[in-house]
Amino acid sequence: MNNKEIINLLHKSGELSKELWIKLLESYTDVDRTYAAKLARKVADDVYGKNVYIRGLIEFSNYCKNDCYYCGIRANNKCVDRYRLTQDEILECCNNGYKLGFRTFVLQGGEDLTYSDEWYETVIKSIKEKYSDCAVTLSIGERSRESYEKWFKAGADRFLLRHETITNEHYRSLHPENLKLDNRIRCLKDLKDIGYQVGCGIMVGSPYQNMEHIANDMIFMKEFQPNMVGVGPFIPHKDTPFKDMPAGSYELTLFLLSLIRLMLPKVLLPATTALGTIKDGGREEGILSGANVVMPNLSPKLVRDKYMLYNNKLNTGTESAAHLDMLREKMKMIGYNVVVSRGDYKFEQK
């Protein structure tokens with residue numbers, strides 16, 4: 001079976017064997033990638049039309065108790081200028097975003113234990129009371145089921161938690177001993193069971209990753225059926241143990257976006273800031289490869305440079321919410337419309 005036939009099989013059935021995944025990932029060409037992107041774009045258009053959903057990203061804290069080897073805000077990085085936003089500052093970000101047309105706010109931070117469960121409850125309730133037509137997404141890491149349940153009851157709609165790799169050996173190479181893959185997967189299952197729209201995902205080209213690892217990840221995502229998948233290229237940070245590791249492949253990231261769209265037709269799939277960082281125009285190429293979400297930054301300008309997960313992260317231009325008109329124009333140039341919408345996952349009608 002050649003690669004085009006494998007891509008067609010994925011398009012038709014939504015799944016591949018591990019052997020076929022590895023064959024495709026190890027031998028794909030630009031012709032294969034272009035072919036997959038064309039199919040993926042048609043699938044996305046059939047489900048969501050020519051709409052691109054925007055999420056207002058609020059990076060509210062760069063403190064983190066964890067020491068993941070790839071991350072620029074890891075606990076042992078003494079070069080980070082740490083900050084925390086107050087509830088009032090977060091609500092001001094939401095106020096600015098709402099005026100611009102954002103109807104989803106993504107609260108993202110390190111695993112900062114200074115904030116209590118009750119603090120999150122208060123912030124979530126405040127946002128939902130003031131902006132009842134908006135969705136709240138959390139991206140704050142591994143917590144207890146009880147915490148997740150509290151925040152869901154407070155009004156949180158979605159939760160982003162990249163699984164990063166489903167292969168335990170690979171997971172061990174990216175994290176210190178105290179972090180366990182089993183707990184990460186427990187969190188994802190709890191979130192889904194509670195009722196969140198849940199997002200998982202991987203870094204493409206993370207250190208020590210091989211195509212068998214990615215094949216395992218694709219099979220896991222098919223089984224887990226996430227509502228969102230975050231896939232972006234690994235980019236090294238100068239103050240981490242992986243500072244000298246090569247960045248992930250731009251082309252493979254685009255190819256995986258297309259393959260994920262073919263595998264999970266209704267998934268909400270961001271064209272990430274990392275994709276735009278690694279190559280100019282990367283987010284537009286992401287949309288043309290099957291993505292349908294972008295996440296401009298609503299964080300206060302004074303702190304955007306401090307939430308630096310990797311080197312040279314973009315925080316101006318179309319990556320900044322303040323330049324939403326520029327983003328709209330760029331999407332219009334490739335045939336897509338940035339819409340004012342919560343942009344929810346399309347569940348089956350009962």
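**Exercise 1. The chain as a whole**

How much area does the chain expose, and what share of it do carbon and sulfur atoms supply? Then describe the overall build of this predicted model.

*Solution.* The chain exposes about 14,500 Å², and carbon and sulfur atoms supply 51% of that area. Turning to the build, we find 14 helices and 9 strands in the chain. The radius of gyration is 19 Å, close to the 20 Å that the globule rule gives for 350 residues, and therefore the chain is as compact as a globular protein of that length. Along the principal axes, the C-alpha atoms fill a box of roughly 55 × 45 × 40 Å. Of the 350 residues, 61% are buried. The next step concerns contacts between residues at least 6 apart in sequence: 76% of these join residues at least 24 apart. Finally, the chain has 49 positive and 46 negative charges, and their mean positions are 3 Å apart.

**Exercise 2. The two sides of a helix**

Work out which residues of helix α6 are buried, and where they fall when seen down the axis of the helix.

*Solution.* Helix α6 covers residues 145-154, and its buried residues are Ser 147, Tyr 148, Trp 151 and Ala 154. Seen down the axis of α6, these buried residues fall within an arc of 125°, so they line one face of the helix. A general rule helps with such a pattern: an α-helix has 3.6 residues a turn, so residues three or four places apart point the same way. On the face of α6 turned away from the buried side we find the exposed residues Glu 146 and Lys 153. The buried residues, for their part, pack against two helices, α5 (117-130) and α8 (181-194), and against two strands, β4 (135-139) and β5 (158-160). Just after α6 comes Gly 155, which takes a positive phi of about 125°.

**Exercise 3. Positive phi outside glycine**

Consider Glu 164 and Tyr 208: where in the chain is Glu 164 found, where is Tyr 208 found, and is Glu 164 buried or exposed? Decide also whether to call Tyr 208 buried or exposed.

*Solution.* As background, most residues other than glycine have a negative phi. Glu 164, however, has a phi near 75°, a positive value in a residue other than glycine, and Glu 164 sits in the loop between β5 and α7 (168-174). Its relative accessibility is 9%, and since buried means under 20%, Glu 164 counts as buried. Tyr 208 is not a glycine either, yet its phi is positive at about 70°; this residue belongs to the loop between β6 (197-204) and α9 (211-224). With 52% relative accessibility, Tyr 208 counts as exposed, because exposed means over 50%.

**Exercise 4. Apart in sequence and in space**

For Lys 238 with Cys 71 and for Arg 283 with Leu 327, compare how far apart the partners are in sequence with how far apart they are in space, and place Lys 238 and Arg 283 in the chain.

*Solution.* We begin with Lys 238, which lies in the loop between β7 (228-233) and α10 (250-263) and counts as exposed at 54% relative accessibility. In sequence, Lys 238 and Cys 71 are 167 residues apart, while their C-alpha atoms are 9.8 Å apart in space. The other pair starts from Arg 283, a residue of helix α12 (residues 282-288) that is buried, with a relative accessible area of 2%. Arg 283 and Leu 327 are 44 residues apart in sequence, and their C-alpha atoms are 9.9 Å apart in space.

Conventions
Residues are numbered from 1 along each chain as its sequence is written. This is a predicted model: local features need pLDDT of at least 70, side-chain atom pairs count only at pLDDT 80 or more; totals for chains, interfaces and linings use all residues. Side-chain values use heavy atoms; hydrogens and water are left out. Helices (H or I, at least four residues) and strands (E, at least two) are DSSP runs, numbered from the N terminus. The radius of gyration is taken over C-alpha atoms; the globule rule is 2.2 Å times the number of residues to the power 0.38. Buried means under 20% relative accessible area, exposed over 50%, partly exposed in between (1.4 Å probe, protein chains only). Contact means heavy atoms within 4.5 Å. Accessible areas come from the Shrake-Rupley method with a 1.4 Å probe; for residues, only the protein chains shown count as cover. Lys and Arg count as positive and Asp and Glu as negative; His and the chain ends are not counted. The place of a charge is taken as NZ of Lys, CZ of Arg, CG of Asp or CD of Glu. The arc is that of the directions from the helix axis to the C-beta atoms.
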